[in-house]
Amino acid sequence: MATLHTRSAARLMIAPSVLLLLAWMIVPLAMTIYFSFLRYNLLMPGMEEFAGFSNYSYFLTDPAFFQAIFNTLAIVLGVLFITVVGGIALALLLDQPMFGQGIVRILVIAPFLIMPTVAALVWKNMFMNPVNGLFAWVAKLFGLQPFDFLANAPLMSVILIVAWQWLPFATLILLTALQSLDEEQKEAAQMDGASAWSRFIYLVLPHLSRAITVVILIQTIFLLSVFAEILVTTNGGPGTQSTNLTFLVYAQALLQFDVGGASAGGIIAVILANIVAFFLMRMIGKTLEA
Amino acid sequence: MGNITLRNVSKVFGAHAVIPSIDLNINDGEFVVFVGPSGCGKSTLLRLIAGLEDVSDGEIVIDGKNATELPPAQRGLSMVFQSYALYPHMSVRSNIGFPLKMANEDKAVIDKKVADAARVLNLTDYLDRKPRQLSGGQRQRVAIGRAIVRQPKAFLFDEPLSNLDAALRVNMRLEISQLHQDLKTTMVYVTHDQVEAMTMADKIVVLNRGRIEQVGSPLDLYHKPDNLFVAGFIGSPRMNFVSGSSATPYKAHTMGIRPEHLVLSKESGTWSGTVGVAEHLGSDTFLHVNVDDIGTMTARVSGDFAVTHGDRVFLTPDAQRVHRFDDKGLAIR
């Protein structure tokens, strides 16, 4: 981009993508903001009128809102914890030389390739179902009462299902990071008298810190908006026990037909996501530098 | 206290015997260099001594104690790796102190020993830096520092200078030799560079395809090579070999003569030839001469011997310094 000519040519070249981004992102956002200030109910078409901040005040004072915030955070933190800890453990195991390593590594990524709805339905009907599920069968095998996961521990069940889906992603990222650890460093630590545990703490974990950061950042983005798994398993219930922010917005718009309120909820979700991203980058973003 | 004895040590990877069988004795305080072409098993041999590889057969005795089955940390040896293998996220201070920390030493003791090592190695100003903020030579010194704080029975060096530029390599060579004089600890040093071997070693072990070709002091190997391989490997530029009818007058299958033991003249001599490439180093000139009926020979002449490409010259080998080898490549004495 040295000369005036190449600079203006470059601007011309990127113009189409800028315009496309504007159309695809700014327009929906602007419309959502616009709707959030309207009284806009699908049951009363043609009756839209300006409503000020009342949509926001209704949404923010809804008792379901605080439950949804809590559930959203619980899903994000719970899944992150399981996938990072489990991912490190699995990556360490898969890094060991073994027979059929290539096939095992391909199989490990399989859950990630399954559609969220399908995965959740498989879990709901084949594993967690209190009558036909595998877990119920195991429980009966030991003479125990089957546990109805989705009714009695809905949030935990959703976390479990989502964690199962994201575990391969974390495992793969961490495995590749593990494989980039210099063999001579491990040997040096061995010569220095470090036990396997010390080598893990002082050598492997610091080496993985950057990969762990990447896993946390990417997963947080997607976990804030978990939806399909909730829709096909618990439908947000019982009550609002497994409703997260995304599901609450959906319920507001398409179950209560309140587009204005849902738009306000959407905007609030965007603001909260930005707050989370801000704190996340401050806390762990510095490990990505240099 | 650091003599190392190898008895019948062998190492097999699959069906491939990297080291068929080796007996070797390294005395306390000696500077021993393993030298050989790449793939000769010298690094494997070092790793066997370190305990980073298991021996397939035979035993390793360190300090009179059988260490064959001991894990690396309990052998009391320190190793400096080719890539230095510094811990990238730790400061220089923590890197050097790491072995002591792993040995659960007292914090004050660690600080003192690290400070001492840093002073010896001129690293005092860099203790709080990370390895990536250091130059190649400084990283090398940190790796050495990490090795010396444990006060090991012996140091193992695995081609430690190969990642440094030429000038720095000469410097570090001196520093390591100096360190050996100061510490008087056994050092085992692996290199493919015969100049490093010649300049640093008390004892050179020449390896080829996992076998020991010859063990001896640098000058022993230079003056009395046991076989063609050692004769060709030690010395720079390498020895000229002549076989066939031209070697017959010397009662040998192959005769060898070092470039520095050829006398050149423009008038007369045993062999005659045409000057090919002349490498002028200033003090000396290496002449690549196409000798009639024999082939290319290298000769070292004084820097002011004026010849250029295409000149006719005569070469005469110094009869006292001819090396003679039989048809199996072994030296005839």
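Trainee: How many residues does the contact take from chain B, and how many from chain A?

Mentor: People often describe an interface's size by the accessible area lost when the parts come together. Here we can count residues instead: this is a predicted model, and the contact takes 15 residues from chain B and 13 residues from chain A.

Trainee: Which elements of chain B supply at least two residues each to the side that touches chain A?

Mentor: Look at β6 (77-80) and α2 (92-102) of chain B. Of the elements there, α2(B) gives the most, with three residues.

Trainee: And how do the residues on that side of chain B divide into nonpolar, polar and charged?

Mentor: You'll find 12 nonpolar and three polar residues, with no charged ones.

Trainee: Let's switch to a helix. What does α4 of chain A reach from its first C-alpha to its last?

Mentor: Compare the span with the one expected at 1.5 Å a residue. Helix α4(A), residues 101-113, reaches 19 Å, close to the expected 18 Å.

Trainee: How many of the 13 residues in α4(A) are buried?

Mentor: Zero, so to speak of cover, α4(A) is hardly covered.

Trainee: Now Arg47(B), in helix α1 (residues 42-50) of chain B. Why does Arg47(B) count as partly exposed?

Mentor: Count C-beta neighbours. Being buried takes 20 or more within 10 Å; Arg47(B) counts as partly exposed because it has 19 inside 10 Å.

Trainee: Which residues does Arg47(B) touch, leaving out those up to four places away in sequence?

Mentor: Leu52(B) and Glu53(B). Check Asp158(B) as well: it sits 111 residues from Arg47(B) along the chain, yet their C-alpha atoms are separated by 8.8 Å.

Terms used:
Residues are numbered from 1 along each chain as its sequence is written. Chains are lettered from A and ligands numbered from 1 in the order in which they are written. This is a predicted model: local features need pLDDT of at least 70, side-chain atom pairs count only at pLDDT 80 or more; totals for chains, interfaces and linings use all residues. Two residues are in contact if their C-beta atoms, placed from the backbone, lie within 7 Å. Helices (H or I, at least four residues) and strands (E, at least two) are DSSP runs, numbered from the N terminus. Ala, Val, Leu, Ile, Met, Phe, Trp, Tyr, Cys and Pro count as nonpolar, Asp, Glu, Lys and Arg as charged, and the others, Gly among them, as polar. The expected span of a helix is 1.5 Å times one less than its number of residues. A residue is buried if 20 or more other C-beta atoms lie within 10 Å of its own, exposed if 12 or fewer, and partly exposed in between; C-beta atoms are placed from the backbone.
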